[in-house]
Amino acid sequence: MACEGGIDPVDVVARPRSRGRPRSTGAERAILRAGARLLAERGVRRTSMEAIAVAAHVSKATIYRRWPSKDALILDLITRAADEPPNVEEPGSGDTRADLQEWVRRALDEERTPLGAALQQLVRRAAEDPALAANLRRRELRRHRDRFAAILERGVSAGQVRADLDLPTLLDMLSGPALYRRLLDPGPPAMHEPGDQARAIIDIVWPGIRASHQG
């Protein structure tokens with residue numbers, strides 16, 4: 001059963017091991033379970049490496065051998081939770097407009113989860129931490145963009161989306177609302193229902209990207 005925040009700790013896969021003493025997969029699973037639970041209960045600010053160590057029944061040294069900082073551990077939790085492709089991606093509904101709308105909705109809806117709140121904190125801190133910013137781009141933002149690209153490329157192949165689109169710019173346009181909310185405008189939930197906002201975004205964008213014979 002997945003815990004709050006969208007991560008299924010039982011299915012967490014151990015990170016690649018470096019040379020030296022073998023790492024305990026059981027310890028990693030316990031650390032990730034504890035981190036996900038504490039983030040859900042306390043939020044990122046009140047979740048410390050000390051608290052995770054106590055909850056996981058490991059030493060802080062055991063955690064630091066795997067993750068150099070709390071930010072690194074949280075980023076790992078976020079990316080592992082998102083590793084399972086959403087239903088709209090594999091194999092897709094066959095309706096590119098619906099797939100895009102669903103993926104935008106999911107991106108917006110993630111902001112309401114504990115891991116979404118943790119990602120907001122990482123994005124803010126990345127503005128002053130080049131190493132963290134590079135890790136975010138490499139792991140989380142690239143994954144997010146690659147999944148958008150997969151939907152759009154299927155749409156082009158199916159003749160539903162124009163083949164001459166500037167895909168990087170379009171991906172920025174579709175990803176932008178979730179990033180804006182992370183940085184500037186969390187807003188009251190009633191003002192930002194993900195399904196309604198996703199529909200409004202795609203209603204605006206779709207006429208400009210659909211193939212000429214599409215309605």
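These are my notebook entries on confidence, cores, one helix and the charged and aromatic pairs of a predicted model.

**Entry 1, confidence.** I began with the pLDDT, since the model is predicted. For the protein chain I found an average of 77, with 75% of the residues scoring at least 70. Among the elements, I noted helix α2 (residues 49-56) with the highest mean pLDDT, 95, and helix α8 (residues 167-183) with the lowest, 75. I then looked at residues 1-22, where the pLDDT is below 50, and the model gives this stretch 39 contacts beyond near neighbours in sequence. Residues 85-89 also stay under 50, and for them I found 16 contacts beyond four places in sequence.

**Entry 2, nonpolar cores.** Which residues have the most contacts inside the largest nonpolar core? I looked this up and found Ile 31, Ile 63, Leu 73 and Leu 136, in a core of 30 residues. The elements giving two or more residues to this core are α1 (25-42), α2, α4 (70-81), α6 and α7 (130-157), and α1 gives the most, with 7 residues. I followed Ile 31 further and, leaving aside residues up to four places away in sequence, listed its contacts as Ile 52, Ala 56, Val 58, Thr 62, Ile 63, Arg 66, Trp 67 and Leu 73. Apart from the largest core I noted another core, of 19 residues, among them Trp 103, Leu 171, Ala 198 and Ile 202.

**Entry 3, helix α6.** I took α6 (residues 114-126) next, and its 13 residues reach 18 Å from the first C-alpha to the last, close to the 18 Å expected at 1.5 Å a residue. Is α6 mostly covered or mostly uncovered? I found it mostly covered, with 10 of its 13 residues buried, including Pro 114 and Leu 115 at its start and Ala 126 at its end. The buried set also includes Gln 120 and Gln 121, along with Leu 119, Leu 122 and Val 123.

**Entry 4, the aromatic pair.** My search for aromatic pairs gave 1 in the structure. Trp 103 and Phe 148 form this pair, edge-to-face, at 6.1 Å centre to centre with 75° between the planes. I noted that the pair links distant parts of the chain, 45 residues apart, with Trp 103 in helix α5 (residues 96-109) and Phe 148 in helix α7. I also checked accessibility, and both Trp 103 and Phe 148 are buried.

**Entry 5, salt bridges.** Over the whole structure I found 9 salt bridges. In one of them the side chains of Lys 60 and Glu 50 meet at 3.2 Å, N to O, and the pair links distant parts of the chain, 10 residues apart, from helix α3 (residues 60-64) to helix α2. Lys 60 counts as partly exposed because its relative accessibility is 36%, and Glu 50, at 40%, likewise counts as partly exposed.

I then turned to Glu 102 and Arg 105, whose side chains meet in a salt bridge at 2.8 Å, N to O. These two residues are separated by about one helical turn because they are 3 residues apart in helix α5. Arg 105 counts as partly exposed, at 25% relative accessibility. I also recorded that Glu 102, Arg 105 and Arg 106 are linked in a network of salt bridges.

Last, I looked up Arg 199, which forms a salt bridge with Asp 196, the closest N and O atoms being 3.1 Å apart. Arg 199 and Asp 196 lie 3 residues apart in helix α9 (residues 194-209), so about one helical turn separates them. At 39% relative accessibility, Arg 199 counts as partly exposed.

Conventions:
Residues are numbered from 1 along each chain as its sequence is written. This is a predicted model: local features need pLDDT of at least 70, side-chain atom pairs count only at pLDDT 80 or more; totals for chains, interfaces and linings use all residues. Side-chain values use heavy atoms; hydrogens and water are left out. Helices (H or I, at least four residues) and strands (E, at least two) are DSSP runs, numbered from the N terminus. The expected span of a helix is 1.5 Å times one less than its number of residues. Buried means under 20% relative accessible area, exposed over 50%, partly exposed in between (1.4 Å probe, protein chains only). pLDDT is the predictor's confidence in each residue, from 0 to 100. Contact means heavy atoms within 4.5 Å. A nonpolar core is a set of buried Ala, Val, Leu, Ile, Met, Phe, Trp, Tyr and Cys residues joined through side-chain atoms within 4.5 Å. Rings of Phe, Tyr and Trp (its six-membered ring) pair if their centres lie within 6.5 Å; planes under 30 degrees apart count as stacked, over 60 as edge-to-face and the rest as tilted. A salt bridge is a side-chain nitrogen of Lys or Arg within 4 Å of a carboxyl oxygen of Asp or Glu.
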